[in-house]
Structures are given as structure tokens and as C-alpha cells.
Amino acid sequence: MTALDPQTLLTLNVVNLLALAILLPFIMGQKLSSAAQAARRSLIVHSGAWIAVILSELWPTNWWLNISLSTVSMICYSSCNWLLYQALTNWLGERPFRRPLIVLAIVMPIGYFLFFDTYAWRVGWANLLIAIQVAILANATLRPKTRLVGPWRYVLCLCLGSMSVFTLARGVLGFFFEPLYPNFAAPHPINLISLVIANITMVLGSVSVLVAWREEAELQLRDLTVIDPLTGLLNRRGWSEQATPAFSSSLRHQLPLALLALDLDFFKRINDERGHEAGDAALRLFGEVLRQQARTGDVLARMGGEEFCVLLPLTDAEAAKAFEARIRTTLEEAAVARLGFSFSYSAGLTHRSADDRDLEKLQLRADEALYLAKSEGRARLVER
Ligand SMILES: Nc1nc2c(ncn2[C@@H]2O[C@H](COP(=O)(O)OP(=O)(O)OP(=O)(O)O)[C@@H](O)[C@H]2O)c(=O)[nH]1
């Protein structure tokens, strides 16, 4: 069996990366989320980095083309790491070490260019800084702040973590043991293992990105079935999925629970006099005001038309009335300021009592209170 040759491994890396970068748009389609787009761009720029490395080797070291292409490859490495970080931020929420990564991404190619004449410094500097960048990326796969929590993150973390370690090893080797490691294509075991790991990482990393993208698409599809697209609140189905367990928990632990049924007043008039667009804007604003005033754990839904429901766990009568009063005053100000006209709503409020065994009973009582609020002249709260 012939020995592993770094040049062949390097070429294989580039071919694989290029194939992925070219074929991924066909696999993923053109309509991509910003996270998936950033991940795909990262892959394309990564293949650019390797191509620049291979091309640079065609010219003797210290020729301007060798220096330029090598520096371009470092710029590409920094850029592809930054793009992957952006993809992770979009998928998982704000990630740690954003500023350090930006600084590292900028100073790494600059230092590489300035240290170009001193091999040990150039290789040590670039590999050390790339290793830190990749370690930041590995860390960025952990502790998601969004609903994307799939195991793909751990695969990506493992790939990036091992890449970081081997990149660091290459840097140490280049800096302290220059004769052992005269250039990128030298058949040193660390070099060979790094290239094999790079190959595996690329395949597993791409699979992780595809799975992240699938998880994102699945969540979006699920949202379509439980979220009202106009207001972003839950729809009737989402309401029963979230309000039923909240009710059961309050029943089991004998904790207070309030339910508010809300209905905009004379909404038909808004549509008739100001147009359907104005009606939609009023519904959106109402949803926004509800969200603004709600606490984590409150369940907010648009049940249909101009009818809304809010479930307030751990909320007694006084706190529920204060919540409703805040909605009324905020809406009054916001409607005039944002829409140029005001509108009101009627509300029915009720609380879980000892003999309420299901959510439907509570909802019926809130609806009866709402009906009374309408019949007593609207723009008010009735409690039952
Ligand atoms: N713009 C807009 N209008 C909607 C939407 N869904 C329902 N509507 C309208 O909401 C209006 C509801 O009218 P009604 O049920 O008569 O209620 P109302 O005019 O608010 O009267 P009261 O509830 O008795 O105060 C209808 O004209 C519906 O067409 C929507 O998504 N957008």
C-alpha cells in the first residue's frame, strides 16, 4: 500500500468541498433561511481557501504570487469561520465571543502577511489564531437560546473541536520544530492526521448543517400549524396545545389561574370605513400590545376574527385586572400614535375555582363575561 500523500489529501479536500459547495444549492433549493445561506457561503469560501493554498504552492515561496495567494487563503479561512458563526447565531441565538472572533478574523491574515518572511512566526501565528477561531465556533454550537436543540450541534462541536486541536498542533510544530515541518504538504504525521480529520470534519460538518437546516424547516412548518400568521400569536390549535397543560398544572398544584377573553369593538366598522388593511394593522397592533404586557408563561392566542384569549398562570384577581388595565391604556396611546385612529375592546375575566375541572368550563365563563361587557356598552371589563 502506498503511503498517504498530503498533496493528494489536500486535493481531495478541495474536490469534496467544491462538489458540496456547487451541489448544495441543488439539494437545499434556492429559498434558504439566512442561517442556511450563511452556512452554504461558509462552505464555498472554505473551498476558496483550499484552492488558494494549492495554487500558492505552484510558485516558489516568497514570490509575490505565492505570498498573495497564501494571504488570500488566510482571508478566506477567517471569512468562512465568521460565516459559520453567523449561521450558528441565526440558528441558536446570540453566541458568545462575537467581538474576539471579529478581531481574530481581521488580525490573523494581517499578521500572516507581515510575518511572511519568518516561517516559524507565520505558521505559528496563523495556526494559533485559526485554532482559537475554530474553538470559538465549537463553543458556539452549545447552549442554544432558540428552539433549535438537535444533536447535530454535538457532531459539529466534535468536528470543530478536533480541528481546533490539530490546527493548534500544526502551529506548535511549525513554530518550534521548523525542520520537521517545512511546509503545508510535508508528510509529518500531524499534518497527515490534520488533513484526514479535515476531510472527515467537512463531510460530518456538512451533514450537521443539512440536519440543522431540516430542523429549522420542521419548526417553521410546525409553527404554521399553531401560529396565527397575522399577529404571530397562537391560533386556536396552538392555544389548546399550550393552555390545556397550563390549566392542568394549576389544578394539580392548586395555583391561581386567570383567563381573559377579549373582542375588539365595532371592528366591522374599521374594515368598512378604513379598509381591510387598516383592520389588519389594528389586529397586529393589538397582538403586539398583548405580547408587550404579557409575562413568560402567559398563553396568548387569536382565536379567530377579532377575538383573543389570554391565560395568566400564577395570577390572582388583582394582578389580572391590573394586566387588563395596562393593555387598555397602552392600546389607547399606541393606536393613535401608530394607526392614526383609536379603537377599543371588551373583555371577560374569570378565575379557576375549586370545582373547575377543565379549561372549557373556564372559557365558557370568560365568554359569558365578555358577552355581558358587550351588552353593557362595550369598552369595558366584566369579571365572573
Ligand atoms: N381586517 C380583518 N378583518 C377581519 C379579520 N377577521 C375577521 N375580520 C372582520 O371582523 C369583523 C367582525 O365583525 P362583527 O363580528 O360584526 O363584530 P364587530 O363589528 O367587532 O362588533 P362587536 O364585536 O359587536 O363590537 C367582520 O367584518 C370580519 O370580516 C381579519 O383577519 N382581518
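## What counts as a salt bridge

A salt bridge here is a side-chain nitrogen of Lys or Arg within 4 Å of a carboxyl oxygen of Asp or Glu. Glu383 and Lys321 fit that description, as their side chains meet with N to O at 3.1 Å. Glu383 belongs to strand β5 (residues 381–383) and Lys321 to helix α11 (residues 317–339), so this pair ties together parts that are 62 residues apart in sequence. Both partners are partly exposed: Glu383 has a relative accessibility of 33%, and Lys321 has 31%.

## The model as a whole

What you see above is a predicted model. The protein chain has a mean pLDDT of 92, and 98% of its residues reach 70 or more. For the complex, the predictor gives an ipTM of 0.96 and a pTM of 0.74. By the salt-bridge rule, the count comes to 15.

## A small network to look for

Which residues are linked in a network of salt bridges? Arg222, Arg237 and Glu241 are.

Start with Glu241 and Arg222, whose closest N and O atoms are 2.8 Å apart. Glu241 lies in helix α8 (residues 236–252) and Arg222 in helix α7 (residues 189–226), so their salt bridge ties together parts that are 19 residues apart in sequence. Glu241 also forms a salt bridge with Arg237, at 3.8 Å from N to O. Here both residues sit in helix α8, four residues apart, or about one turn of the helix.

Are these residues buried, exposed or partly exposed? Glu241 is partly exposed at 35% relative accessible area, Arg222 is partly exposed at 40%, and Arg237 is partly exposed at 47%.

How values were computed: Residues numbered from 1 in each chain as written. Predicted model: local features only at pLDDT ≥ 70, side-chain atom pairs only at ≥ 80, totals over all residues. Heavy atoms only, no water. pLDDT = per-residue confidence, 0-100. Helix = DSSP H or I, 4+ residues; strand = E, 2+ residues; numbered from the N terminus. Buried < 20%, exposed > 50% of the residue type's maximum accessible area, 1.4 Å probe, protein only.
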